[in-house]
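Reader: Hello! I am new to this structure and would love a close look at a single part of it. Could you walk me through the sheet, and then show me a little of what lies elsewhere?

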Amino acid sequence: ERKSTTVSLSRAEAIDVLKHMQGQHRQSKGHFRNYLIFIFLNIFALRRNEVVWLTWDDVNFHENSVNVYQKGGSIKLLPIPANIMAFLELFKASYPSNSAYIFRPIKNNTTKELNKPLTTSYIYQLVEKVAKEVVPDKKITPHSFRKTFIELSIANKEDFVAICNATGHTNINTLGYYCTNDKLQHNAVHGMARMV
């Protein structure tokens with residue numbers, strides 16, 4: 001079986017990354033934006049190209065949901081939990097802009113154009129930088145959060161359909177590619193042994 005070689009985080013490491021970013025989010029617009037980027041990578045299991053193209057029009061503030069344009073052109077609708085919606089609303093109110101994009105440059109010394117999305121390479125470099133500060137012994141990439149989401153969801157005994165609804169996978173067999181947990185630890189035998 002082919003398995004993903006992407007490095008994932010433990011639950012504690014994923015929490016540490018978010019806490020690290022949350023601790024800085026009140027410092028500036030850039031820090032707050034970057035904290036939201038990590039939330040969308042970590043909690044929503046988005047790909048970096050899905051993150052950069054998110055617009056304010058994609059967010060339904062009344063229904064607490066967001067439309068995400070996936071690779072292949074399909075759209076998935078995701079719920080936004082109340083605590084994360086509060087952060088989005090605070091960010092929008094604190095830093096109003098005419099830009100359609102949620103994650104846009106703060107400054108642009110070359111062309112001065114700010115009404116555009118961040119680049120996917122910016123997201124990659126941001127994740128690399130933060131990972132070196134929080135989990136320096138691991139090679140973490142933006143895709144690590146997607147893989148971590150799947151592994152932790154399976155460990156939490158989330159329904160496979162629910163996981164696919166979040167990640168946008170159309171086939172539950174794809175989850176097996178990402179789930180590289182130890183097959184001895186992650187095994188139904190442990191649950192059955194409770195009968196003894």
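Reader: To start, in which sense do strand 1 and strand 2 pair, and over how many bridges?

Author: Happy to help! Please keep in mind that this is a predicted model. Strand 1 and strand 2 pair in the antiparallel sense, and they do so over 2 bridges. One place to look along this pairing is Val 59, which stands opposite Val 66 in strand 2.

Now let us step back to the whole sheet. It is an open sheet formed by 3 strands in the order 1-2-3, with antiparallel pairing. Strand 1 (59-60) and strand 3 (75-79) are at the edges, and each has a single partner strand, so one side of each is left without a neighbour in the sheet.

Next, follow the chain from strand 1 towards strand 2. The hairpin of these strands has 4 residues between them, and Asn 64 takes a positive phi near 50° there. Asn 64 sits in the loop between strand 1 and strand 2. A general point helps here: most residues other than glycine have a negative phi. Asn 64 is not a glycine, yet its phi is positive, at about 50°. Is Asn 64 buried or exposed? With a relative accessible area of 28%, Asn 64 is partly exposed, because the range for that label runs from 20% to 50%.

On to the other pairing of the sheet. Strand 2 (residues 65-69) pairs with strand 3 in the antiparallel sense, over 5 bridges. Two places to find by eye are Asn 67, which stands opposite Leu 77 in strand 3, and Val 66, which stands opposite Leu 78 in strand 3. Val 66 is a handy landmark, since you have already met it opposite Val 59. Between strand 2 and strand 3, the hairpin has 5 residues, and there Gly 72 takes a positive phi near 95°.

For another positive phi, move away from the sheet to Ala 45, in the loop between helix 2 (29-42) and helix 3 (48-52). The phi of Ala 45 is near 55°, a positive value in a residue other than glycine. Whereas Asn 64 is partly exposed, Ala 45 counts as buried, at 0% relative accessibility.

Let us look at the helices too. Helix 1 (residues 11-22) packs with helix 5 (residues 120-134) at an angle of about 105°, and their axes are 10 Å apart. That angle makes helix 1 roughly perpendicular to helix 5. From helix 1, Asp 16, Val 17, His 20 and Met 21 meet Val 130, Glu 133 and Val 134 in helix 5. By class, this contact has 4 nonpolar, 1 polar and 2 charged residues.

Finally, try Ser 8, in the segment before helix 1. Ser 8 counts as buried, at 13% relative accessibility, because buried means under 20%. The side chain of Ser 8 makes a polar contact with the side chain of Glu 151, at 2.8 Å. Leaving aside residues up to four places away in sequence, Ser 8 touches several residues, including Glu 13, Lys 138, Ile 140 and Ser 144. Lys 147 and Thr 148 are also among them, as is Glu 151.

Terms used. Residues numbered from 1 in each chain as written. Predicted model: local features only at pLDDT ≥ 70, side-chain atom pairs only at ≥ 80, totals over all residues. Heavy atoms only, no water. Axes fitted to C-alpha atoms, helices over the stretch in contact; angles between N-to-C directions. Parallel < 35°, antiparallel > 145°, perpendicular 65-115°, else oblique. Contact = heavy atoms within 4.5 Å. Nonpolar A, V, L, I, M, F, W, Y, C, P; charged D, E, K, R; others polar. Pairing = 2+ DSSP bridges. Buried < 20%, exposed > 50% of the residue type's maximum accessible area, 1.4 Å probe, protein only. Polar contact = N/O pair within 3.5 Å; in protein donor to acceptor, adjacent residues only side chain to side chain.
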